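Dear colleague,

Please find below the structure that I am handing over to you. I should be grateful if you would read the notes that follow it with the structure open.

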Amino acid sequence: VHWLLMLFGREVVPASILGVAAGNVTFGHRFMAPHKPLRIGSPAAYAKTLLTRGKVVAAFAQRRSSIRAQVEQLAAGLGGRALIGDALLDEVTALVEWPVALAGQFEPRFLSLPREVLISTLQEHQRYFALENDAGLMPWFITISNIDSPEPDVVRAGNERVVRPRLADAAFFWEQDRRLPLAQRRAGLDGVTFHDKLGSLGARTDRIAVLAAAIAEQIGADGAATTRAAQLAKCDLLTAMVGEFPDLQGVMGRYYALADGEAARVADAIGEHYLPRGAGDALPASPVGDAVALGDKLDTLAGIFASGQKPSGNSDPFGLRRAAIGVLRIVLEHRLDLDLSALIERAVRLQPIAGIDAQAAAVVAAVHGFVMERARAQYLERSAENGISTEMFDAVL
């Protein structure tokens with residue numbers, strides 16, 4: 001911390017934070033503003049002084065709006081539209097003080113990569129905005145510079161030089177990974193530990209397959225396709241692409257399964273079994289996907305609770321709240337007629353923990369209670385819409 005500005009009206013608030021005494025001065029942009037203090041006369045003058053004398057857009061909302069407008073204008077000039085996600089836009093806004101949008105290019109040959117690989121490379125690794133038109137992704141990107149350079153071509157060339165090896169790596173992984181079918185990677189999961197009390201990823205895969213097959217029978221999904229998808233669902237974790245781009249797990253499994261000639265419903269279920277990944281995310285689009293996704297989430301809940309590591313406070317390293325909400329959304333929104341308690345008991349008794357049968361009833365009750373608490377929150381958050389009160393929910397429960 002180099003300086004601290006604290007004003008109430010025109011008076012400096014006497015304070016010290018992290019060894020820095022408060023004053024009435026701040027500083028502007030590191031490169032574009034003179035390296036001298038800017039005296040702030042009053043809080044009302046803060047933003048204007050930084051903007052006119054410091055080359056800093058102080059307000060987050062103003063920077064965000066400017067970035068969106070610049071990106072959309074540049075994209076339209078290139079005959080496309082930018083993929084502007086809220087999370088990426090917020091992150092880029094927080095990285096710059098004086099946003100200047102610049103367009104760059106990459107080699108069209110990289111467009112042969114799966115769409116998600118290109119987007120992940122540009123967005124997650126480089127914080128660039130990808131461009132598309134009606135034909136698909138374009139060999140362009142838009143980056144947000146934190147300086148209004150007198151030589152923008154130099155800045156553009158630097159960004160193009162940085163992204164090229166990233167894309168080349170992705171292309172290499174794509175080619176190498178497809179040399180070994182997913183099915184041949186299944187044995188490798190037996191050598192990867194999932195959890196010290198719950199065995200390997202291979203053992204977890206077998207448990208998911210058992211649960212998914214039972215669910216498939218109850219909801220009318222293709223049993224053979226469900227079992228095949230469950231056995232292959234985690235195999236892409238051993239690929240180089242997912243090692244480099246962890247956010248593509250499941251997504252790459254689908255692509256590799258299709259490349260191997262697996263049935264479309266098997267490949268789609270592999271891609272869908274992580275869904276929903278978060279609040280508001282899409283659900284699996286197929287019964288086979290529903291079955292594998294539920295099997296995956298129920299095994300996670302049962303295993304972690306059985307191992308004595310249920311969430312406490314804000315700590316939830318295994319994403320159990322997300323898993324519980326995922327189970328609820330799939331079952332309720334797809335109107336699946338399932339006995340949740342029976343499925344949880346099946347999942348608990350499959351866990352490789354000594355004496356699990358003796359403690360099964362307590363673990364099942366804990367998992368079921370945990371899931372129902374998520375249900376309570378979901379219903380009561382929308383009580384104005386659905387007319388369900390706390391008393392009504394408790395009576396049904």
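The notes below go from the whole chain to its sheet, its helices and its cores.

**The chain as a whole**

Please bear in mind that this is a predicted model. The mean pLDDT of the protein chain is 95, and 100% of its residues reach 70 or more. Among the elements, the highest mean pLDDT, 98, belongs to helix 8 (residues 223-232), and the lowest, 88, to helix 16 (residues 383-386).

The protein chain contains 17 helices and 13 strands. Its C-alpha atoms fill a box of roughly 70 × 55 × 40 Å along the principal axes. Of its 397 residues, 46% count as buried. If one takes the contacts between residues at least 6 apart in sequence, 63% of them join residues at least 24 apart.

**A four-stranded sheet**

One open sheet has four strands in the order 8-10-11-9, with antiparallel pairing. Its edges are strand 8 (81-82) and strand 9 (100-105), each of which pairs on one side only.

Starting from the strand 8 edge, strand 8 and strand 10 pair in the antiparallel sense over two bridges. Here Arg81 stands opposite Glu132 of strand 10. Strand 10 then pairs with strand 11, again in the antiparallel sense, over four bridges. Glu132 takes part here too, with Leu137 as its bridge partner in strand 11. Two residues lie between strand 10 and strand 11, and the two strands form a hairpin. Strand 10 is mostly covered, as four of its five residues are buried.

On the other side, strand 11 (residues 136-145) and strand 9 are joined by six bridges in the antiparallel sense. One pair of bridge partners there is Ala101 and Ile144, the latter in strand 11. Helix 5 (residues 152-177) packs on the sheet and touches strand 9 and strand 11. The direction of helix 5 makes about 55° with that of strand 9.

**Helix 4, lying across the sheet**

Helix 4 (residues 115-125) lies across strand 10 (129-133) and strand 11, and runs at about 10° to strand 11. Its buried residues are Val117, Leu118, Ile119, Ser120, Thr121, Leu122 and Gln123. What do these buried residues pack against? Their partners are helix 3 (86-95), strand 10, strand 11, helix 5, helix 9 (240-244) and helix 10 (251-259). After helix 4 comes Arg127, which has a positive phi, near 60°.

**The nonpolar cores**

The largest nonpolar core has 85 residues, of which Met241, Leu298 and Leu301 touch the most other members. Helix 12 (residues 287-306) gives the most to this core, with 11 residues. Leaving aside neighbours within four places in sequence, Leu301 is in contact with Leu320, Ala323, Ala324, Val327, Val367, Phe370 and Val371. Another core, of 16 residues, lies apart from the largest one; Ala75, Ile84, Leu89 and Met138 are among its members.

**Helix 13 and its cover**

Several of the residues that Leu301 touches also appear in the list of buried residues of helix 13. That list reads Leu320, Ala323, Ala324, Gly326, Val327, Leu328, Arg329, Ile330 and Val331. What covers them includes helix 12, helix 14 (340-349) and helix 15 (356-381).

The length of helix 13 (residues 320-333) can be checked by simple reasoning. At 1.5 Å a residue, its 14 residues should span 20 Å, and its end C-alpha atoms are indeed 20 Å apart, so the two values agree. Just after helix 13, Arg335 takes a positive phi of about 50°.

**Ala229 in helix 8**

Is Ala229, a residue of helix 8, buried or exposed? Ala229 has a relative accessible area of 0%, and therefore counts as buried, since the cut-off for that term is under 20%. Not counting residues up to four places away in sequence, Ala229 touches Val266, Ala269, Ile270, Val288 and Val292. Ala229 and Ala291 are 62 residues apart in sequence, and their C-alpha atoms are 9.8 Å apart in space.

With kind regards

Technical notes:
Residues are numbered from 1 along each chain as its sequence is written. This is a predicted model: local features need pLDDT of at least 70, side-chain atom pairs count only at pLDDT 80 or more; totals for chains, interfaces and linings use all residues. Side-chain values use heavy atoms; hydrogens and water are left out. Two strands pair if DSSP finds at least two bridges between them. Contact means heavy atoms within 4.5 Å. Axes are lines fitted to C-alpha atoms, for helices over the stretch in contact, and angles run from 0 to 180 degrees between N-to-C directions. A nonpolar core is a set of buried Ala, Val, Leu, Ile, Met, Phe, Trp, Tyr and Cys residues joined through side-chain atoms within 4.5 Å. Buried means under 20% relative accessible area, exposed over 50%, partly exposed in between (1.4 Å probe, protein chains only). The expected span of a helix is 1.5 Å times one less than its number of residues. pLDDT is the predictor's confidence in each residue, from 0 to 100.
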